[in-house]
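Here are a few notes to help you find your way around this one. Have the model open while you read, and take the points in order.

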Amino acid sequence: RTLAFDSKGQLIVSIGSAGNVDTSQSDWDTRSQIRRYVIPETLPNNGLAFASGEVIASGMRNEAGIFVDANDHIWGVENGRDNLNHAALGGDIHNDNPGEELNLVDGRGPTYYGYPHCFSEFKLGSGQGQGTQWADVSLSAAQRKTDAFCRDPAQVRAPVYVMPAHWAPLGLIRYTGRALPMAGDLIIAAHGSWNREPASGRVLARAKMQGDTVSAFDIIVGEKDSAGKLREGSWSVRPVDVRQGPDEAIYVSDDQGGRVLKIGYAN
């Protein structure tokens with residue numbers, strides 16, 4: 001569970017999947033979604049979390065990080081499924097697919113985001129480019145959707161941006177300060193992979209925004225190798241969450257070193 005509040009004091013709750021690929025209707029009805037609760041009228045009673053609250057987004061495998069911006073838009077970073085195999089696209093494609101997603105929940109368009117029926121391409125030798133939506137063929141024939149369904153904007157809400165597979169983004173903010181030259185941009189903490197070779201992630205990334213559209217995406221903090229180049233996946237820091245402090249610096253929690261890192265500005 002990940003929790004946030006909007007400007008009206010409503011409680012936003014992100015509920016992850018039950019497993020790698022959920023296949024039961026009961027899981028689809030109660031997991032992989034974001035719910036909104038009015039306080040205190042619709043708070044769950046006696047542990048019945050699904051007896052109340054409004055489902056405002058479904059089909060989100062694991063929106064591990066959520067953030068409500070000044071416009072009450074809910075941003076989420078989603079951890080995709082593991083061990084993806086697709087015979088028509090090259091067999092074992094899990095190393096670079098599915099891409100991790102940056103999603104926007106704003107009440108416009110469909111509220112279904114694709115999981116488990118669809119996945120986002122990050123890099124495929126025979127693919128159609130980063131962000132292309134594909135049907136997950138590991139589901140049974142009765143449950144399976146088509147590529148056309150997954151690409152239909154009336155059926156499935158596409159991600160705002162697709163990040164590298166297995167980055168495991170866990171936290172994000174929309175930066176509002178002026179101490180760093182990133183006002184209005186999204187800052188994302190990527191915890192890093194566990195089943196990719198070579199390992200990836202363990203970085204802090206920036207999605208440069210124009211309104212609610214990503215105009216550029218780059219890594220702003222990570223580990224350097226001996227040549228001064230970025231080296232992913234082996235840093236002793238594993239970013240978990242990110243927050244903006246009252247001093248307008250960025251604070252990042254690290255669950256490997258048990259530390260909090262401060263990213264500020266120096267002349």
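1. A word on terms before the hairpin: two strands count as paired if DSSP finds at least two bridges between them. Keep in mind, too, that this is a predicted model.

2. With that in hand, go to strand S20 (residues 250-254) and strand S21 (residues 259-263), which pair in the antiparallel sense over five bridges. Ser-253 has Val-260 in S21 as its bridge partner. The two strands, S20 and S21, make a hairpin, with four residues between them. Have a look at Gly-258 in that turn: its phi is positive, about 65°.

3. Next, an open sheet. Four strands make it up, in the order S13-S14-S15-S16, and their pairing is antiparallel. Strand S13 (169-174) and strand S16 (213-221) sit at the edges, each pairing on one side only. On average, neighbouring strands here are turned by 20° against each other, direction ignored.

4. Inside that sheet, which strand does S14 pair with over five bridges? Strand S14 (residues 186-190) is joined in the antiparallel sense to strand S15 (residues 203-210). If you want a spot to check by eye, find Ile-188, which stands opposite Ala-205 in S15.

5. Last, the largest pocket, which holds about 240 Å³ of space. Its lining counts 19 residues, and those nearest the centre are Arg-36, Asp-72, Ile-74, Asp-106 and Gly-107. What kinds of residue make up the lining of this largest pocket? Seven are charged, six are polar and six are nonpolar.

How values were computed. Residues numbered from 1 in each chain as written. Predicted model: local features only at pLDDT ≥ 70, side-chain atom pairs only at ≥ 80, totals over all residues. Heavy atoms only, no water. Axes fitted to C-alpha atoms, helices over the stretch in contact; angles between N-to-C directions. 1 Å grid on protein atoms, 1.4 Å probe; cavity = no way out; pocket = protein on both sides within 12 Å on 5 of 7 lines; lining within 4 Å. Points joined across faces, edges and corners; volume = space filled by probe spheres on them. Nonpolar A, V, L, I, M, F, W, Y, C, P; charged D, E, K, R; others polar.
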